[in-house]
Structure formats: structure tokens, C-alpha cells
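Here is a short report on a metal site and a sheet. Look at the model first, then read on.

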Amino acid sequence: MSIQKTPEKNSILFVWLNNYAGILLKTPTKTLAIDPVDVKPKALQNIDAILITHEHYDHLDPPLIIKIQKATGCIVIADSASTKKLQLAIPDDKLQEIKPGVEIKIGEVSVKAEKSNHPAQAPVTYIITSEDQVKVYHTADSLPFPELAKIGQKENFDMVFCTVGIAPGATPQTGFEIAWLTKPQIAVPYHTATVASQKAFAELLKKELPRTACLIPEQNKIYQVSKRSEKI
Ligand SMILES: [Zn+2]
């Protein structure tokens with residue numbers, strides 16, 4: 001699954017890769033793969049960086065990461081526990097451990113880690129800001145947590161990915177709470193194997209947070225998201 005076209009100005013393109021939090025994201029100059037699992041290594045080409053949120057099997061597949069890294073020469077940014085599992089196989093100068101509060105630049109694209117409310121060793125979530133300031137929040141499979149309100153206010157997100165199933169405690173309601181706390185322009189329900197849970201999330205949004213649009217993604221389709229024209 002590679003994205004051939006380039007996003008328009010002030011936009012990004014993304015693809016949902018699996019039943020979990022696997023996202024391929026393309027800005028005008030960089031392509032990032034976040035938590036890729038259940039994909040063929042050859043399907044991910046021209047990758048500049050791989051981002052890993054935590055060590056669980058549905059987010060970290062070491063042999064896959066090693067293959068993609070070898071083929072593309074990309075950098076790998078990972079939480080502490082995942083870094084430990086990768087460090088023998090990924091060259092030192094290509095592997096960067098990240099912790100909440102730390103920002104790493106990939107060219108002019110910024111990747112900043114925040115905390116995650118999920119039972120893993122050192123899980124993180126990622127704020128990705130494109131070179132023309134499109135702001136995306138990849139919340140991995142976190143449950144809601146109170147600091148999300150402040151993060152949302154500060155960052156003014158264009159798009160937030162919200163887990164609606166599979167992870168411990170995750171439901172359309174907890175996914176909705178992430179959207180409610182962060183108040184993005186667009187909320188995207190993912191980390192689920194059922195369209196019903198995505199639709200339940202969309203219903204909650206429509207009722208309780210009508211200014212946030214819902215984008216229900218299908219896997220392996222390309223979506224373009226543009227920066228909101230007026231920053232509030
Ligand atoms: Zn997960």
C-alpha cells in the first residue's frame with residue numbers, strides 16, 4: 001500500500017492499514033508508517049519513518065519493521081519497550097527512543113510523543129504536525145485521560161484517531177470521549193473489526209459534538225484531510 005500521489009497544499013493523505021492503529025500518513029515531503037502490522041513489507045515503500053506506540057503484537061511486529069527499515073533506510077521512532085526489542089536489529093543511527101514530552105523532527109515534519117492510557121510498558125501517543133501545520137493526533141489504542149482536554153486546546157487538531165474496540169475497555173463511547181476531550185475538526189474511528197462500532201461512534205459524535213465531523217475509514221483506501229481554514 002503505497003500512496004503515489006502527493007497531497008495538496010495544507011493537506012495530508014492517509015490510509016488505514018489493519019484492524020488496529022496501523023496508519024500510513026503522507027505529507028507533502030514525508031511518508032510515515034505508524035504501528036504497521038498485518039501488512040506485507042513490500043507494500044510499504046518510500047517510507048521516511050516508522051513510528052511505534054507500544055510493544056503489543058497488534059502494534060509492533062519486529063520482523064516486519066526490520067524488513068521495511070532495511071528496504072527503505074527509514075528511521076524508526078519507538079517507545080522504550082519497543083526500542084529494546086528492535087535495538088539489536090536496527091542500526092543505532094536509525095533507531096530513536098521517544099518518551100512523552102519529547103519532539104523529533106523528520107525534515108520539517110514534527111513528531112511529538114504524549115502519554116497513553118493503555119496497559120503496556122511505556123506506551124505513547126503521537127502528535128504529528130506536517131510542514132504546513134496540519135495537525136494529526138494518533139492516539140494508538142489509548143483510553144481517554146483528562147490531559148487530553150489541554151492537549152486538544154493547545155494543538156487545535158485537524159484530525160484525531162479514536163479507538164472504538166478490541167483494546168481493553170475500548171468501546172465507541174470511550175472513542176467518543178477522546179474526540180470530545182480533544183475537539184478536532186475531524187474524528188476517525190479505528191482499532192476495530194466492525195463497521196457497527198464505527199457507526200455507533202459516529203452517532204455519538206453527531207449528537208454530542210456536532211462541530212466535529214466523523215470520517216469512517218475503510219482499510220486500504222486513501223483519504224485526504226485539509227487544515228481547517230479558520231483556526232479557532
Ligand atoms: Zn492495540
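## Zinc site and sheet

The zinc ion has the protein donors Asp-58 (OD), His-59 (NE2), Asp-141 (OD) and His-191 (NE2), lying 1.9 to 2.2 Å from it. Donors are N, O and S atoms within 2.8 Å of the metal (3.2 Å for Na, K and Ca); water is not among the atoms, so sites may look incomplete. This is a predicted model: local features need pLDDT of at least 70, side-chain atom pairs count only at pLDDT 80 or more, and totals for chains, interfaces and linings use all residues. Residues are numbered from 1 along each chain as its sequence is written, and side-chain values use heavy atoms, with hydrogens and water left out.

The 4 donor atoms subtend angles of 95 to 149° around the zinc ion, which makes the arrangement irregular. Four donors count as tetrahedral if all angles lie between 85 and 135 degrees; four count as square planar and six as octahedral if opposite donors are over 155 degrees apart and all others between 65 and 115; anything else is irregular. Along the chain, the donor spacing is D-H-x81-D-x49-H.

Two of the donors sit in loops, 83 residues apart. Both are buried (under 20% relative accessible area; exposed is over 50%, partly exposed in between; 1.4 Å probe, protein chains only).

| Donor | Loop between |
|---|---|
| Asp-58 | S4 and helix H1 (62–72) |
| Asp-141 | strand S10 (135–138) and helix H3 (148–155) |

Helices (H or I, at least four residues) and strands (E, at least two) are DSSP runs, numbered from the N terminus.

Strand S4 (residues 49–52) pairs with strand S5 (residues 75–78) in the parallel sense over 4 bridges. Pairing needs at least two DSSP bridges. Ile-50 has Val-76 in S5 as its bridge partner.
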